[in-house]
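This report sets out the structural features of a single protein chain for computational work. The sequence and coordinates are shown first.

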Amino acid sequence: MAGLPVEPLLEIEGKNEEKAEEDNNDIYVNDDNKQSISKGALPVREESDQVGEREMALPPGSSIHRSGSRPQLDLSKAAIQGNSEERDPTILLPNQSDDISHLALDIGGSLIKLVYFSRHEDQSTDDTRKKTVKERLGISNGNRRSYPILGGRLHFVKFETSKINECLDFISSKQLHCSGIECHHWTSDSTTNRNAVIKATGGGAYKFADLFKQRLGVSLDKEDEMDCLVAGANFLLKAIRHEAFTHMEGQKEFVQIDHNDLFPYLLVNIGSGVSMIKVDGDGKFQRVSGTNVGGGTYWGLGRLLTKCKSFDELLELSQKGDNSTIDMLVGDIYGGMDYSKIGLSASTIASSFGKAISDNKELKDYRPEDISLSLLRMISYNIGQISYLNALRFGLKRIFFGGFFIRGHAYTMDTISFAVQFWSKGEAQAMFLRHEGFLGALGAFMSYEKHGLDDLRVHQLVERFPMGAPYTGGKIHGPPLGDLNEKISWMEKFVLKGTEITAPVPMAPPGTTGLGGFEVPSSKGGTLRSDASALNVGVLHLLPNLDVFPLLADPKMYEPNTVDLSDHNELEYWFMVLSEQLPDLVDKAVASEGGTDDAKRRGDAFARAFSAHLARLMEEPAAYGKLGLAKLLELREECLREFDFVDAYRSIKQRENEASLAVLPDLLVELDRMSEEARLLTLIEGVLAANIFDWGSRACVDLYHKGTIIEIYRMSRNKMQRPWRVDDFDLFTERMLGSGGKKPPPHKRALLFVDNSGADIVLGMLPLARELLRRGTEVVLVANSLPAINDVTAMELPDIVAEAAKHCDILRRAAEAGGLIVDAMVNTLDSCKENSASVPLMVVENGCGSPCIDLRQVSSELAAAAKDADLIILEGMGRSLHTNFNARFKCDALKLAMVKNQRLAEKLIKGKIYDCVCRYEAAQVESS
């Protein structure tokens, strides 16, 4: 399967115009969504160090506290930009000064884990629109520091400890040991780096300290292992929305942790031994228990009994095992019957390896697969039981498991989960962490100076899943990918067979998978392991300019997606829709780039990459975290941008805008001749009719072949007959115009979430905005930050408004007040001569580049604009049906859309295709 960045990045980012860095697997999307390309293909292998074994020396009850004066890294406003089940993503550090170290290490007995920081300057510029919006809305830059703000990313890399020289070469090649000094030509005898210090944890920080000094000229500053482990866990649980998950009977379910209700919890780290840590807060924890029966026990006994040469080989054997051949079960004792009186089923293990007592067999007579599974169950069950008993002892609600013993292995997680559920009688659940392999390294990294972790909020982290090195057999195969051309070459080698994706194994040293040198799995061939959890870790982008939409009635209960993709039938249907749309989308994307040979090659690579994503998600819907239709549609747009298709519908949007603007003056004249009530109805009809122009709908694309944009618009308007399928127009009219001779006050500010270019914005939403302006309501047009299908963007709107303003004084004055135009030419034949209050018409970005919108993560300028808004109008299928149909707000809300999908019409409104939705909901009054 293609699709995992293997040097996952925990990325903290400011705005950036840079192209791809020369970085191993640096996959990230900056504020402008320019995508750097993966160069690395490191295996994703979760293996914590042997901390459990050494930590056993700490007596239970010994409390450890982090020093408040410790120098720390500035992770304030960190955000994940980002794929959810991929391990070890990237994080962006926007507020990090330039006097920092770049690297932290966790050097364990088996693996070296690196977390390193790469910087990029903030090269963003403010246009007139943004400056005016900031001034009017009172938006500051939010810069608390006097020194320059730098953006950057946190990258995650692993090496085998036995190949530490490869790790040192990697550090040297990237100048990661230069401690923030600009030393592009560093050499081993450079005086500028003589006193450099790198934070490190794990036993190897002591064992290899001299080697680091000799090879790189740096000293290792040793950090306490448990200190780092807990700090890393706290950071991830607070920062990443889908970090924690449960795993029962092969089913993953993500758990959203309220960071205000995180503590206390039990962290169970399963290394060679097991440590159980009660975490009471940031920097406040104590090791309360542990056991010497852990991952080392499983590996050691397994090696003696099965002759397996690696931990992963032992795990693979367990997948094919039958423990009932060697374990004594309850049914063996009671003649195949349950012992129901005490709640034991016949299949319950009464004694691990118990049958070996009575069987007249030697070791060679038992299958290694059965031995491996029996061992795995014995150790996992006991760890689960001891963990639950400690949670019960301290009254802890949450138990998180991590460590190299787990490494994403589905059966291991299932076994631990079963034990916790069994002994707690279903009252407790085992939870696991997607990034658990990097807890120590991340904690060591956070021990640097200027760390502001408390400022971090989950809504500022976005995880994305670009294509990494070829992915097959549950592992990453192949050398590092250097640039876009190399990535395209890899995609061209992929073969899609049903839901299995295979790729030729590249020319790499025998027994390795490229940089890092992990062994290729010895079985299962080139197919995805059906039992492997294989949670993909994407690229974590830290976006300080994202915020929670402040008008949500209950942000904690808000769920953006209307369509439930946990229903396999729904999942199959929408995957089919996206697959069917793919050829036409590729044609449009290639045409937008001039139809060149390069564009055709990139278009083909995009199609293969997105098909690989769909195949991965069909096989494991939770592979990228909790999957919703909004995420699926956004994934398609991100994949387009990854292959340098910035705006696939650029020329189509421009053509439709021009055609619509040409007929706008006549429409405005027609509207101004109407009575107030007739005009309001015509405006809503116009929005619904114009919403038919949607290149994301197959039915609408077919219509485009049967007429011009104006012909289709007129046809659509002629069919606008009430009652609509969802029809709250009378309620909306009463709020706008009043009843019984009483005129209600106008809304103070309206947020109009616009949808498509062309007739949708020009003939639908702009006339409606004009009507609100005429009534004295401030209007804010909310548009995409980045292109998605034929949706209009915030960058395109000012030009459209300026053209429209040539035909209307209301729009012209409002646009000038809102900073959209400076000197508009007024058409002297304009029929709109009435005076209008100079209320502003503004444009703000919504913070996303998708046909849908998740209101938990919107731009800071939209959040600021919302604070004084008392009316929201959500228009279009993506923003008001696919998402937010069930959302409730603190202000009046109007949801307008034409349903252009038969299945959605049937499921959502029990209607048919082209039915209309006009759903009005008055502001929710907070109960006292």
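The following paragraphs treat the overall composition, the nonpolar cores, one buried helix, the salt bridges and some backbone details.

**Overall composition**

The structure is a predicted model. Its chain contains 28 helices and 35 strands. Of the 928 residues in the chain, 62% are buried. The accessible surface amounts to about 34700 Å², and carbon and sulfur atoms account for 50% of that area.

**Nonpolar cores**

In soluble globular proteins, nonpolar side chains tend to be buried together. In this model the largest nonpolar core comprises 60 residues, and the members with the most contacts inside it are Ile684, Leu752, Leu781, Leu841 and Ile873. Helix H23, spanning residues 759-774, supplies the largest share of this core, with 10 residues. When neighbours within four places in sequence are set aside, Ile684 is in contact with Trp724, Phe729, Phe732, Leu768, Leu894, Leu896 and Cys918. A second core, separate from the largest one, has 57 residues, including Phe156, Phe212, Leu267 and Leu442.

**Helix H6**

Helix H6 covers residues 225-239 and has 15 residues. From its first C-alpha to its last it reaches 21 Å, close to the 21 Å expected at 1.5 Å a residue. Because 15 of the 15 residues of H6 are buried, the helix is largely enclosed by the rest of the structure. At its N-terminal end, H6 is capped by Asp224, of which a side-chain oxygen lies 3.1 Å from the backbone nitrogen of Met226.

**Salt bridges**

A search of the whole structure yields 46 salt bridges. Three of them are listed below with the distance between nitrogen and oxygen.

| Basic residue | Acidic residue | N to O distance |
|---|---|---|
| Arg774 | Asp672 | 2.7 Å |
| Arg749 | Glu778 | 2.9 Å |
| Arg879 | Asp755 | 3.0 Å |

The salt bridge between Arg774 and Asp672 joins distant parts of the chain: Arg774 belongs to helix H23 and Asp672 to helix H18 (residues 650-672), 102 residues apart. Arg774 has a relative accessibility of 18% and therefore counts as buried, whereas Asp672 is partly exposed at 22%. These two residues also take part in a network of salt bridges that includes Glu676, Arg679, Lys743, Arg770, Glu771 and Arg775.

For the salt bridge between Arg749 and Glu778, Arg749 lies in strand E29 (residues 749-753) and Glu778 in strand E30 (residues 778-783), so the pair ties together parts that are 29 residues apart in sequence. Both Arg749 and Glu778 are buried.

The salt bridge between Arg879 and Asp755 also connects distant parts of the chain, with Arg879 in helix H27 (residues 877-882) and Asp755 in the loop between E29 and H23, 124 residues apart. Arg879 and Asp755 are both buried.

**Backbone details**

Two cis peptide bonds merit attention when the backbone geometry is examined. The bond from Phe263 to Pro264 is cis, with omega near -5 degrees, and Pro264 sits in the loop between strands E13 (251-255) and E14 (265-270). The bond from Arg722 to Pro723 is likewise cis, with omega near 0 degrees, and Pro723 is placed in the loop between helix H21 (709-718) and strand E28 (726-727).

Positive phi values occur in residues other than glycine as well. Glu249, in the loop between strand E12 (244-248) and E13, has phi near 50 degrees and is exposed at 72% relative accessibility. Ile789, in the loop between E30 and helix H24 (797-805), has a positive phi of about 50 degrees, but Ile789 is buried, with a relative accessible area of 10%.

Key: Residues are numbered from 1 along each chain as its sequence is written. This is a predicted model: local features need pLDDT of at least 70, side-chain atom pairs count only at pLDDT 80 or more; totals for chains, interfaces and linings use all residues. Side-chain values use heavy atoms; hydrogens and water are left out. A nonpolar core is a set of buried Ala, Val, Leu, Ile, Met, Phe, Trp, Tyr and Cys residues joined through side-chain atoms within 4.5 Å. Buried means under 20% relative accessible area, exposed over 50%, partly exposed in between (1.4 Å probe, protein chains only). Helices (H or I, at least four residues) and strands (E, at least two) are DSSP runs, numbered from the N terminus. Contact means heavy atoms within 4.5 Å. The expected span of a helix is 1.5 Å times one less than its number of residues. A polar contact is a pair of N or O atoms within 3.5 Å; within protein, one must be able to donate a hydrogen and the other to accept it, and residues adjacent in sequence count only if both atoms are side-chain atoms. Accessible areas come from the Shrake-Rupley method with a 1.4 Å probe; for residues, only the protein chains shown count as cover. A salt bridge is a side-chain nitrogen of Lys or Arg within 4 Å of a carboxyl oxygen of Asp or Glu.
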